[in-house]
Amino acid sequence: MQHSNSTSISLSQALKKACFELEKTSDSPALDAELLLAHCLNKNQTYLHTWPEKHPSEEQLDCFNLFIEKRKTDYPVAYLLGHKPFWTLDLIVTEDVLIPRPETELLVEVALDKIKHINKPKILDLGTGSGAIALALASERSDAVITASDASEKALAVAHQNAKKHDLINNVEFVQSDWYEKITTTDFDLIVSNPPYIDPQDPHLKTTIRFEPLHALAASNQGLADIEILIQDAKSHLKKDGFLIIEHGFDQAECVIKLMGDYQFSNPKNMADLNHNPRITFTMNE
Ligand SMILES: C[S@@+](CC[C@H](N)C(=O)[O-])C[C@H]1O[C@@H](n2cnc3c(N)ncnc32)[C@H](O)[C@@H]1O
């Protein structure tokens, strides 16, 4: 039955139309349309399949049409929804933070492995953004003492909200800092970072990632400038036998290995992601 303010279009018709409209811009038009419509209805995706013949209200359809218009410009679904799953957490995301990527879960896996035998590990997450890495580690290791820093006050506000949302506020200390500038601890067991690493000339910066903060994505010296700072000052903040783990571009693995060698780290190793691209490099402060 249709309500008085319901529209003449059914949920399945609305989805079909939106899917067609998104085909040119999105790699996943059907999924995008479902996520966005479910959000406007304040329901889950199953609801759309259970009640395809239901009619959305005018407000719900307006919300959906607005989302589809924005998505047609390549605007990310995660920013429209305001959240993104990462690890086991559903993280709040705004335009002030990078949208956490599934590739970064590899860094979390490696980090958890490196600290598995350490009681109350002291961890530093540099450039925490939404808090993705720090909070994923905190959610797995309630004994960890974690510092998460970012230069962006706005990003830290989002990270803080995420810590509250997941009841991890007592597990992570947030610090506004230009990399190590305000970090006074000198005996971390683990330093992790997914820093900006894209060459400012890289044409990818003009694609869909153009909606994400440039300071979270691009770094000078062909994307290596921030990575070099992270490596250069890591020794003075790591315990002996502490680990440094850095995420980087698929074509930067050799350069990161070389930089680690230049700053007296021995035996650095790369790890490949599920697409067989070396995206993580780690080393130990021997
Ligand atoms: C690639 S994003 C990573 C965000 C998050 N760690 C993740 O994996 O989703 C890089 C982060 O580094 C931060 N950043 C950039 N320059 C910085 C600096 N000089 N000092 C501290 N953080 C910085 C950005 O604000 C951004 O949040």
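## A tour from the ligand to helix 4 and strand 4

Begin at the ligand and select the 20 residues around it (a residue counts when its C-beta atom, placed from the backbone, lies within 6 Å), of which G127, G129, A151, N194 and A216 come nearest. This is a predicted model, in which local features need pLDDT of at least 70 and side-chain atom pairs count only at pLDDT 80 or more, while totals for chains, interfaces and linings use all residues. Residues are numbered from 1 along each chain as its sequence is written.

Next, colour helix 7 (132–140) and helix 9 (214–217), each of which supplies at least two residues of the shell around the ligand; helices here are DSSP runs of H or I with at least four residues, and strands are runs of E with at least two, numbered from the N terminus.

Now move to helix 4, residues 58–72, which has 15 residues. Select Q60, L61, F64, F67, I68 and R71, which are buried (20 or more other C-beta atoms within 10 Å of a residue's own, against 12 or fewer for exposed, with partly exposed in between, and C-beta atoms placed from the backbone). They cover an arc of only 125° around the axis, taken from the directions from the helix axis to the C-beta atoms, which puts them on the same side of helix 4. On the face turned away from that buried side, look for the exposed residues E58, E59 and E69. After helix 4 comes D74, whose phi is positive, near 90°.

Finally, select strand 4, residues 145–150, where five of the six residues are buried, so that the strand is largely enclosed by the rest of the structure. Strand 3 (residues 122–126) pairs with strand 4 in the parallel sense over five bridges (pairing requires that DSSP finds at least two bridges), and K122 has V145 of strand 4 as its bridge partner.

Definitions and conventions:
The expected span of a helix is 1.5 Å times one less than its number of residues.
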